Amino acid sequence: MFITGLGTATPERRYTQRECWDVFAHSELAAQLSARSRAIVKKVLNGNNGIVTRHLALDNLGQAFELTPDALHARYRRHAPLLATQAAQRALADAGRQAAEMDALIVSTCTGYLCPGLTSYVSERLGLRPDALMLDLVGQGCGAALPNLRTAEALLAAGRCRLVLSVCVEVCSAALYFDDDPGVLISACLFGDGAGAAVLSSAPAGRRRLEWRASGSLLRPNDRDFLCFEQRDGRLRNILTPQVPPLAAQHARKVLDEALARSGVERFHVKGWVLHPGGRDVLLALRERLDLTAHDLRWSEAVLREFGNLSSPSVFFVLQAAFADSAPSGYWWMSSFGAGFSCHGALLEVE
């Protein structure tokens, strides 16, 4: 499988962490939370947590406190199809392809729910053929991009498709929740909105050659409660615990070692690292566990700094940042992880 086109999209409005704190500090919601909770939000939004700005699907930050189930669903329904379509259009343009050429569309999301799913809306906006295969993948959290791409790989390898459009989109501002739980508060300060897309082909094309060589996954249901969504009062509430950074790093190392062993590639042959920027502490844990340098993490850190944790689209942004930085040819390792507790990885060969 070859990745022949990449595209990303974010809401137009971008907010600094300082702006978020200024609005939160003067909100009615802040007065309803405990002093400890206000101190946590202040520390995260004003401290050195690796994030400077986030793009949010909010016309103004006051809308962050419009938290009824209907308001959150309306936010998702308005912005998820739009962002997914924009990212897909940019991936198609990057690949030099037309929407009507796509044999399948696979869309992953976890921050909202539509029936029919997002593929119905995105295919209509793009002008895909009515006989194209549509797959909506829901509930895989931040790690969803790699399972999405592996599904495309299976379709291409089976000869059922020649070209597949892969999309991940999250409107994290449609899953906002506030209470006195530290993990809930940190989540509200960490996540941003966006979409990423890739055009996938069974043959190379375009100005660069990016080949999917090997992949692997690991699912640990026993660790599921450390990172997940729950439903409370008709709304999504994110469970985020301190165990996540070491778990992510532990599982990422295992998936990496097993995939390299299967492919016969030595660790020192990996020249680029495309890692999901789940947060500052996650990247620090990955750096230590995978024996990486600050230089290795520069693309992930840049995405985290400008966009925050984008959940499932994040690795598309990191991959795009790597190409924009004239990254070296050779083997690259791409990895995502999230709810499940799941971890995924793929060995890419780049020319």
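Which residue follows H5, and what is the sign of its phi? Gly127 follows helix H5, and its phi is positive, near 85°. The structure discussed here is a predicted model.

## Overall fold

The protein chain has eleven helices and 13 strands. Its radius of gyration is 19 Å, close to the 20 Å that the globule rule gives for 351 residues, so the chain is as compact as a globular protein of that length. Along the principal axes, the C-alpha atoms fill a box of roughly 60 × 45 × 35 Å.

Of the 351 residues in the protein chain, 58% are buried. Contacts between residues at least 6 apart in sequence were also examined: 79% of them join residues at least 24 apart.

## Surface and charge

The protein chain exposes about 14,600 Å², and carbon and sulfur atoms supply 49% of this area. The chain carries 37 positive and 36 negative charges, and the mean positions of the two sets are 2 Å apart.

## Helix H5 and the loop before it

Helix H5 spans residues 118–126, and its buried residues are Leu118, Thr119, Tyr121, Val122, Ser123 and Leu126. The cover over these buried residues includes one helix, H4 (69–95), and the strands E4 (104–109), E5 (133–138) and E6 (163–170). After the helix comes Gly127 with its positive phi.

On the other side of H5, Pro116 sits in the loop between E4 and H5. The peptide bond leading from Cys115 to Pro116 is cis, with omega near 5°.

## The E9–E10 hairpin

Strand E9 (residues 227–232) and strand E10 (residues 235–240) run antiparallel and are joined by six bridges. Leu227 has Leu240 in E10 as its bridge partner.

The two strands form a hairpin with two residues between them. One residue in the turn, Asp233, has a positive phi of about 55°. Most residues other than glycine have a negative phi, and most peptide bonds are trans.

## The loop between E7 and E8

Pro204 is placed in the loop between strand E7 (194–201) and strand E8 (210–219). Is this residue buried, partly exposed or exposed? Pro204 counts as partly exposed, at 42% relative accessibility; the partly exposed class lies between 20% and 50%.

Leaving aside residues up to four places away in sequence, Pro204 touches Phe2 and Arg209. Pro204 and Val107 are 97 residues apart along the chain, and their C-alpha atoms are separated by 23 Å.

## From H9 to H11

Asp291 is found in the loop between helix H9 (280–289) and H10. Its phi is near 55°, a positive value in a residue other than glycine. Asp291 counts as exposed, at 54% relative accessibility. Helix H10 covers residues 298–307 and contains Arg298. Arg298 is partly exposed, with a relative accessible area of 24%. Glu258 lies 40 residues from Arg298 along the chain, and the C-alpha atoms of the pair are separated by 25 Å.

The loop between H10 and H11 holds Ser311. Ser311 also has a positive phi, near 60°, but this residue is buried, with a relative accessible area of 3%. Where the loop ends, helix H11 (residues 314–324) has Ser314, Val315, Phe316, Phe317, Val318, Leu319 and Ala322 among its buried residues. Ser326, just after H11, takes a positive phi of about 55°.

## The loop between E12 and E13

Which residues does the cis peptide bond with omega of about -15° join? The bond joins Gly340 and Phe341. Phe341 is placed in the loop between strand E12 (330–338) and strand E13 (342–350).

Terms used. Residues numbered from 1 in each chain as written. Predicted model: local features only at pLDDT ≥ 70, side-chain atom pairs only at ≥ 80, totals over all residues. Heavy atoms only, no water. Helix = DSSP H or I, 4+ residues; strand = E, 2+ residues; numbered from the N terminus. Rg over C-alpha atoms; globule rule 2.2 N^0.38 Å. Buried < 20%, exposed > 50% of the residue type's maximum accessible area, 1.4 Å probe, protein only. Contact = heavy atoms within 4.5 Å. Areas by Shrake-Rupley, 256 points an atom, 1.4 Å probe, with all protein chains shown as cover. Lys, Arg positive; Asp, Glu negative; His and termini not counted. Charge placed at Lys NZ, Arg CZ, Asp CG, Glu CD. Pairing = 2+ DSSP bridges.
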